[in-house]
Structures are given as C-alpha cells and as structure tokens.
Amino acid sequence: MFLMSRVLSQVKGLIQKVHPPQRSLNDSLEGEIQAFLIDEDQLHTYDDLTKVNPVTPATVLKCLQGRYSMKVFYTHAGCTLVALNPFQSIPDLYSLDVMKEYHYARQPQEFKPHIFIVAEEAYRNVRGQLEPVNQSLVVSGESGAGKTWTSRCLMKYYATVASVSSVVKSQDTVERIERRVLDSNPVMEAFGNACTLRNNNSSRFGKYIQLQLDRCQLLVGATVQTYLLEKTRVACQPANERNFHIFYQMMRGATDEQRKEWKMSHDQSFVWLPNSEKTIEEDCFHETVKAMVHLGINAERQGEIFRILAGILQLGNVSFSSSADESQPCHLDRAAELLCVPAEELQTCLRVRTLKAGKQSVLKPCSQADCSVRRDCLAKVIYAQLFEWLVTFINNSVCADKSTWCNFIGILDVYGFECFQTNNLEQLCINYANEKLQQHFVAHYLRAQQEEYVSEGLQWSFVKYQDNQSCLDLLEGSPISVFSLLNEESRLNRASDAKTFRVRLEKELCDNANISWDKFSKVPHFTVAHYAGKVGYQIEGMAEKNKDPVPPELISLLQKSNNQLLHQIFKDNETESQIKKGPGKTTVVSKFKNSLETLMKILHSTTPHYTRCIKPNPECKPLTFKKEEVIIQLEACGIVETIHISAAGFPIRKKILSHCAFTIQCCWLRYQRRRRHTHRQSATLIQAAVRSWLVRNRVRRWNRAAGVIQSTWRKWRSLLKSLAEAELDDAKDLVEEDAPALNPVVRERGSVQLSIIPEPVAVRGWPMGLALASAPSMTVSLTATGFQKMISVIASLNLPSRRGEYQVKTNQYTEELASIRAQPKGSIKLHCQRSPLLYADRQPDLKSDVTGFNEILLEKTL
Ligand SMILES: Nc1ncnc2c1ncn2[C@@H]1O[C@H](COP(=O)(O)OP(=O)(O)OP(=O)(O)O)[C@@H](O)[C@H]1O
C-alpha cells in the first residue's frame, strides 16, 4: 500500500512536470531536452558534426575544439570533411601504413575521420562504376588553412594506392607517371606560390587537377587547369610579403656560374624581391630543378626560363625620371640582354606609346608614371605567359593518351572567400567563384540528405536554406549585372571614372537586395552581401584591371626575342589574336567567368566530395584553437549552413533498434506492473519510460521542431524479430525520470515514428497508452498482445522495397490519432484505404492476416 501511494505521488509529480501550467508541453520539452542533450564532456567524441546534439554552431565549435585539443584533426559534417590545420607535423598521420589501412579496410567509413576516407570513397566510387563515375574532390578554405597540403596528401594517396607499380608493367612507366604527377607540385608551387602574411607557402592561383585512371583504376596520367594567377605580385608585393618563391630560390640556390649567367651579382639587391632576408622552407631551388628535370624540362629550357626570370628582376630595378636621359641604362641593358631583346627598342617601348590614327601611327612619349605602368605590365605579361607555358608543358608531360584512361578523380584547390580592408577585382572574382561553389555544394548537400532520407523511408519535408542565386544574378546575371556593367565600362574608349561608374551601378542594380552603398563613404565602392558575409569593393581602378591592357608594342618586342622560349610563348595564337582584337576585348571577368563555367560543368558531371580546411588561428601557431576565428570560417565555407540544413531535417541519430525494443518492453512491463493504475497513469508512466530512454540514449533521428523521430522500415523489421528476446529488466529505474507526453507510433510502411504530442495518449478503454499506426491509413490502437501479433504479421509481409509511395502528411497522422482516442471502449478502428499493406505482393493473404489479427486482438482485450 505504501509502495502504491509512493508510486502514485511520483506519478502526480510527473504529470505536473509534464503539464506545467503556463507553458505548452512542446515548449517545456524542447528546453528540457535541449539542456539534457548538451553533454559537453562528450562532445569531442562525435565524429560527425551533424550528430552533435543539438546541432548548433556553438556545440559544433565545442566539438571541434575538444577534438583539436585531443589532436583529432578530421571530423565529418554530413557529406563534408572538416580538416583542422595542426600547424605541426603529426607523426604517422599520413604514413604509408595508414594509407594502406584505409585502402584495404572493408568499411573505411567506420574508421576515424581522415582525408584518406574521402580519397578512398572516391576511388571506390570509380571502381563501382556508378554514375557519375568521375569524381571531384573539392578542397576549400581560407589562406593557410591547409588546402595545398590536403591536395598533396590526396595526390600521394592515389600515387600509392592506384600505382601501376603494384601491377608492374615496366619500371619506366612507374617512374614516369606517379613521379611526374607528384613532381608537378614543387614546380607549380615554386612558380605560383609566395610567402604572404597569412601563409608562408600561399598558392597565388587556383587549380583543378584531374588524375586519370585506366580501366583497372590505375593512375596513368594527369592534367591540371589553373585559375587566376595573381600576376600583379611580380611587380607589386603587398607590405611584408614576398614575390613568387622561384625568384628567392634562384637567389639562394644558384651557383656562382649561374649568377654570372643571370647577371645577378652577390651584392645586388632587387626592388621586386622584398623580404629576401627571410628564409622559409620553400626556398629549395635544387628540389625545383630536380622536379623540372623529372618533368622533362631539359637544361637548355631551364636556362631560358631562368634567364627570363632574371630579366624580370632586372626590369624591376629600372626606374624612370621625367627626362629620357636619366633612365637607368644599366638595369635596362641587363634586362634587355637577359630577355634577348634590343635594349634600345625595349627603352622605346617603355617610354613611347604608339597611337593608331586610321592607318597612321602617332608616337607619344609617356609620362613618368605611365613608363612604370608599362614596365610592370611587361613583367606581368611575361610571368603570366611563362606560368601558362609551364602548366601546358606539365600537362603534356603527365597527360595520358585519351585511349588509355577512362575515368578521372579531380582535385580542386581553390582560394577561399576573401574579405580584406580594401577589396578589388581579384577579390570580386575569388568571391564570385566561392558563390558558385557554394551553390553547387548546397544543392549537392541537400540532394544527398534527401536521398538518404528517402532511402531510409523517412518523410522528407523541404528544408529552407539560404539560396545564393540572387547574389549570383547580381554578379553574373544577364542582361544587367556587376560583370556586364564592368565589361561595358572597360570597353569604353576612355579612362573609367569611378564616381560615374558607381552611379551607373546604383541606377541599374538598385532592385537587387544583395548590393548596397555606404552613402557616407568617401571612396566610390559597392558592397555585396555574399553568403559568407558582406564585402565592400573599391571601384577605383577596377575597370582598368578588368581591361588588363597589354600595349601591342610590348608584345611585338617580345616576339622578336632571341630567347627561344620567350619567342615561342608570344608567338602563339592566343596572344596574337589578343593583339589583333586590341586591348580590353577579352576582359578579366569574362575570361574568369568562362573558365569557371567550364569548371562548373565538370563538377556537375562528377560526384563531388567536399573537404573544408579550417585555420584554427591566424598566427599559424601549432595546436592553437581560436573559437572566433574558427566560427567565422565555418560560416564562410558554408559549414554553418550545412548544419542549419541538417538541423532542419533529422539531425539526431541513434540506432533505433534497441530504442524501439526497449520502448516496447517498457510499455509492456509498465502495463503488467501497474495493472491497477488508471489508463492515464499507465500511459504517463510508459511515456516517461520512452522519454527517459530517448534522452539517455539520444535517439537516432529526431526533428526537434516537429517533435518527430523516424527510422527505417528495414531496421523496424529487424527490431520486430528481436522482440522475442526482450530483456525486461532494463526498465527498472524508469519512474525516476520525468514524463513528457511521448507517444511511440509505428508508421509509414513500418518506419518508426515517435511523436511528441500535446497530451499523453490514453486510448479510452485500452489498458495501454500505446498507439500503433501503420501509415498512411491504417490506424490501430492495441494491447501489448495485439501489438506483438501485429508485429509478426507485418514482419512476415516482406514488403516491397519501393520507396516514396506511402508517405503521409503529419496532419493525416494527427487526425488518425484523434480518431483512435474517439473510439468507444473496446472497439478498434482499422482504415485500409491506400494502405501500404495492400501494395504488398501477398495482398490476399495479407487481408486475411489483418482480419485475423483484428479478431484476435478484440478477443484478447475485451
Ligand atoms: N595536415 C597538416 N599537417 C601538418 N601541417 C599542416 C597540415 N595542413 C597544413 N599544414 C601547415 O599549414 C601550412 C599552410 O597550409 P597550406 O599551404 O596547405 O594552406 P592553403 O590553404 O593552401 O593556403 P593558401 O590558400 O594560402 O595557398 C602548411 O605549409 C603546413 O605547414
């Protein structure tokens, strides 16, 4: 009796907790569960950020921080891999043994998150030949986050696991292919990377490397496509930054003989080589030369390349005064000699502009400032064309014959979203590229989520997410957009006026909410609301940069060069056609837009895999995690968006099997133990058990907003089978838990849904508050015996695995619940219209089964 009254008082207490007077049940439950679910001590144990409960930027950040402090640098975020930069070498993290471990694992996904999982998954996809067979590994992140490192790891992985050497054809082939592919890295990095404030080895270009695989998925070649080399760095290095590595490598690594050949005395300093006293790991001339040799760049070609580079350095030391005689003939002569062009002609080209007036040419001396602009322009065009030639050479060296490869794995290493104090055309292009990639990413992520839900038989309601289409329309749309107006401005036969251009932008684009203007700003600018944040772009000089004009006299001069390579580079068709078309016809943005469109087409035709590299601190300090820095990057690379998408779906996952088995056991146990309770009390206790279990075990997929848990039909079936062995002891301590109204419901072709509903369901006339509904239209309230009987019926059905036909709307379900409650004592309601059961192969049997079951049920419970 005493025990009885204790239990009753507990139940009362529970009921009060469940129904607080002012708040709705869902509100209180939301808060309670949220508080309960944030188990900070455990956050770092999550391998997938979308599994963190609840999934919010704050918990995600804590999870990453916890993992980082335990030297765990990789974490999944749904279909994305987050890679935190350790800024220190981690022994054995990328060793050959680790590669093999991931490669030979039956289920690499079950291993600790690692870049090799991404690599292996892509590789297996190619092996599986499932469309789209070709793969793209998109590596993004801000400068210094670890993109280049990651891309190198991926390339090494494939050069190891997809190595021809394992199936040795000929030692030569082995030497040639994998080594050449890997050797393309140091060469491209020497010419395309530089030491910046943010990263000692910063890639100043974007690249997409396609690793070509033959029919046996062996690496037989590669190609590389580069994007937007920051060529201005040749002639203008931001404060405290350096020029491209190759120049410093030459200075440091050259022999006396080479120095003599390059007219580079030990005591000479170069204007275009600031901070040359700073030594960095990347100053390794001999490695670059070795890699060049492996790629097939012979000594003669190397000589030509280095002479051109030395010529550029000498050009940088040429300065101009107002009088022609005061130019520095010494440096100009050296530059001319190294570039193998006549010194006088070089001087004239830099100092005098040729203006076309009809068929006549008029010579016009340039101002001092113009001379410097022409000098810089010459250096930039030479360097950019040399870089392009190098990329083409590498491609010719490592690209396999079309007949030998059939699939590829592409690695995209692109600059991350950028926002500096002053942003210009370069940032506009980079951020535009990031918008494009973000759009692709979100579409892919949503699709992947949706497919996963459908394959699990979960009801999918569309998730609202930040669509960046209007920002893309603003930038690239037709007929009017920032790019179209900028191109128009660049094509005008006059110097652009920043203020007028700003007025034009405002007039034409005021309808787009993604663009704004700070009325009080003194500098003409426009601000774009990118998905990753607002960026203000300076208009001054933008149109000129977009024209990227190269005076035709300079090109003609270089075409006359006796340096074979220089001559060849400027003789090619593209340069010539550019000259014929005249400056400003092919603008920077139109070229960039075209190459990006080609890239996007490739990405759309491949299976993408995303890796987001995160820089945990701006100082590049080992193992230092700064939350403020990380959250900004998570936002900028779209991870927060991914988390929101995930949270709007079914973000909380737990194996449902044990959950359901346990729940049902509890219900049954409760019923048996508390037979003398009112039904409502029993129901409450049962629900308490469910709630307790739910909270303690973090159920598999739980949409907090909708208060719905769902699981799959497959798992549900296996659950049913396991019911017989239920261990009832597990339910011992359930009464201690408070009791929100949770109602376990079986629905949708056997998928399991646990719904939080406003009141506990105490089905009138039935001893147990357990409602079983096999949606979409069959709704039954059952006793435990009846429940088990139904389970066996459903389990025996072997329903077809067709998906998507049986979905039901939430309100339908609610109505059905209501109808259960409305039933008079002892009756049962069984709707069968559009029942999934009727779609089953064994339809006639099924009908009788259902009827039989119905009868048994009534018999037992009444
Ligand atoms: N997984 C890693 N383990 C150890 N060190 C790393 C790792 N990833 C990156 N680093 C360190 O961080 C530095 C910066 O990385 P990386 O050059 O790959 O950045 P990035 O994202 O390519 O930058 P940028 O956009 O400027 O080219 C590397 O030089 C290396 O020292």
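This passage walks through the overall make-up of the chain, the surroundings of its ligand, one helix and two sets of strands.

The structure is a predicted model, in which local features need pLDDT of at least 70 and side-chain atom pairs count only at pLDDT 80 or more, while totals for chains, interfaces and linings use all residues. Residues are numbered from 1 along each chain as its sequence is written.

The protein chain holds 31 helices and 20 strands (DSSP runs numbered from the N terminus, with helices being H or I of at least four residues and strands E of at least two). Of its 862 residues, 45% are buried; a residue is called buried if 20 or more other C-beta atoms, placed from the backbone, lie within 10 Å of its own, exposed if 12 or fewer do, and partly exposed in between. Two residues are in contact if their C-beta atoms, placed from the backbone, lie within 7 Å. Among contacts between residues at least 6 apart in sequence, 74% join residues at least 24 apart.

Turning to the ligand, 20 residues surround it, and S143, G146, T148, W149 and S202 come nearest (a residue counts as near if its C-beta atom, placed from the backbone, lies within 6 Å). Two or more residues of this shell are given by each of α6 (147–161) and β5 (202–203), and α6 supplies the largest share, 3 residues. By type, the shell has 7 nonpolar, 12 polar and 1 charged residue, where Ala, Val, Leu, Ile, Met, Phe, Trp, Tyr, Cys and Pro count as nonpolar, Asp, Glu, Lys and Arg as charged, and the others, Gly among them, as polar.

Helix α6 is itself mostly covered, with 11 of its 15 residues buried; among them are K147, T148, C153 and Y157. The end C-alpha atoms of α6 are 21 Å apart, which agrees with the 21 Å that its 15 residues should span at 1.5 Å a residue (the expected span being 1.5 Å times one less than the number of residues).

The strands offer a contrasting topic. Strand β9 (residues 360–365) lies largely in the open, because the number of its 6 residues that are buried is 0. Strand β8 (residues 352–357) runs antiparallel to β9 and is joined to it by 6 bridges (two strands pair if DSSP finds at least two bridges between them). L355 has V362 in β9 as its bridge partner, and in the hairpin, which has 2 residues between the strands, G358 takes a positive phi near 65°.

Elsewhere, 3 strands form an open antiparallel sheet in the order β11-β12-β13, with β11 (515–516) and β13 (533–538) as the edge strands, each pairing on one side only.
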